[in-house]
Amino acid sequence: MKKQIAMLLCALTVMVFSTTLPALAAEQHYPVTVEEYTYGPLDELRINKVYQLSLSDDPGLIPTEDFDRNGRHYYLLDMVRKDEVGVDTQPHTETVTMDSDTGDLAEVLKRLDAQMEVTTEDGYTGALVLDHTSVKVEVKGYQTSSRSLSATRTYPSLSDADLALIPTTITDGGKTLTLADVQWASDGTYYTATAKYTGSSSSRHATGYTVSASYTGEVAKTNCEVVTYTAIFGSTAIPEEQPTPSPSPEPEAPASLNLGTNYLPVLGIVGGVIALLVVSCWGYQKIKERKMRT
């Protein structure tokens, strides 16, 4: 018998777990929007919960149970289904590069388009806007170039045509030039020297620039089929709880019981009990004496 009871308990346990575990494993859908509004001449409060599911999703997982909110009890009125073509959006960034003959950022920004149209490999399209903070200008390379410099100086009223009277170097435009040639002229008393100085200057400059910029925004794809379910809940006001009346106090028991004229039946009962006890003791004594005689 004990074995049969144990087997029955095990069977019941298996049945309970087999019915509850699938329910626990299933995940409910969550609404994309929740709208609260009034309806009808009585301004009934209603709530619409909108769910967007794919064709493979199970609509049976949409919660339809009653619930309480802000002092009202909500219950399902209707479930409306609508098949439509959904629009899937996602953020996207596109980076472009271009050559530039200037490294001036202000000039580079003027040459960049404010926005651009893109189409991704997986079919998303949209307009992206230039992110000004992402613009970078980098030098492609450098080149060194040199040029010849020359300057002329005149030295009048010299006492003699002597090169020692002529400076061998001068500074012109921040560059040092060296004496290369001197032409002399005389008025019979003094000499005038016309000196030519030469030199060279080199500079390093960029051969070009590379500009990179990012365009950001959202792209969309409109060929995604979805099913929209709208759960419509009506409501009623939850009645307020009435206060429970406090129990009335019980009457206190009298300090002494007043039998009055009803004491005679009580005395009769007491006397009968005493008489029964006396007879029982007497009978027991007689039986005991007889046993001793024999």
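In the β1–β2 pairing, Thr33 sits opposite Val50 of β2. Strand β1 covers residues 33-39, and β2 covers residues 44-53; helices (H or I, at least four residues) and strands (E, at least two) are DSSP runs, numbered from the N terminus. The two strands run antiparallel to each other and share seven bridges, where pairing requires that DSSP finds at least two bridges between the strands. This is a predicted model, in which local features need pLDDT of at least 70 and side-chain atom pairs count only at pLDDT 80 or more, while totals for chains, interfaces and linings use all residues. Residues are numbered from 1 along each chain as its sequence is written, and side-chain values use heavy atoms, with hydrogens and water left out.

The turn of this hairpin has four residues between the strands, and Gly40 there takes a positive phi near 80 degrees. Asp43, in the loop between β1 and β2, also has a positive phi, near 55 degrees, despite being a residue other than glycine. Asn70 is another such case, with phi near 50 degrees; Asn70 belongs to the loop between β3 and β4. For context, most residues other than glycine have a negative phi. Asn70 is exposed, at 70% relative accessible area, on a scale where buried means under 20%, exposed over 50% and partly exposed in between (1.4 Å probe, protein chains only).

Next come the charged pairs. Across the whole structure, the search turns up seven salt bridges, each defined as a side-chain nitrogen of Lys or Arg within 4 Å of a carboxyl oxygen of Asp or Glu. One of them joins Glu36 to Arg69, with the closest N and O atoms 3.5 Å apart. Glu36 lies in β1 and Arg69 in strand β3 (residues 67-69), so this bridge ties together parts that are 33 residues apart in sequence. Both ends keep some solvent access: Glu36 is partly exposed at 39%, and Arg69 is partly exposed at 32%.

Glu44 and Arg46 make another salt bridge, at 3.4 Å from N to O, and here both residues are buried. Arg46 has a second partner of sorts, as its charged end sits over the ring of Tyr39, 3.7 Å from the ring centre. The criterion for that arrangement is NZ of Lys or CZ of Arg within 6 Å of the ring centre and within 35 degrees of the ring normal. Arg204 does likewise over the face of Tyr142, at 3.8 Å from the ring centre.

A salt bridge of 2.8 Å, N to O, connects Asp101 and Arg111. This pair links distant parts of the chain, with Asp101 in the loop between β4 and α2 (105-111) and Arg111 in helix α2, ten residues apart. Asp101 is exposed at 62% relative accessibility, whereas Arg111 is partly exposed at 39%. Add Glu107, and Asp101, Glu107 and Arg111 form a network of salt bridges. Leaving aside residues up to four places away in sequence, Arg111 touches Ser100, Asp101 and Thr102, contact meaning heavy atoms within 4.5 Å. The C-alpha atoms of Arg111 and Ser100 are 9.4 Å apart, with their positions eleven residues apart along the chain.

On the aromatic side, the whole-structure search finds two pairs. Rings of Phe, Tyr and Trp (its six-membered ring) pair if their centres lie within 6.5 Å; planes under 30 degrees apart count as stacked, over 60 as edge-to-face and the rest as tilted. Phe67 and Tyr74 are stacked, at 5.1 Å centre to centre with 10 degrees between the planes. Phe67 and Phe233 have ring centres 5.2 Å apart and planes at 65 degrees, so this pair is edge-to-face. Phe67 is in strand β3 and Phe233 in strand β9 (residues 191-237), which puts the partners 166 residues apart. Together, Phe67, Tyr74 and Phe233 make one aromatic cluster. Tyr74 is buried at 1% relative accessible area, and Phe233 is buried at 1% as well.

Finally, His92 is found in strand β4 (residues 72-100). Its side chain makes a polar contact of 2.8 Å with that of Glu94. A polar contact is a pair of N or O atoms within 3.5 Å; within protein, one must be able to donate a hydrogen and the other to accept it, and residues adjacent in sequence count only if both atoms are side-chain atoms. Beyond four places in sequence, His92 touches Val118, Thr120, Leu128, Tyr215, Thr216, Gly217 and Val219.
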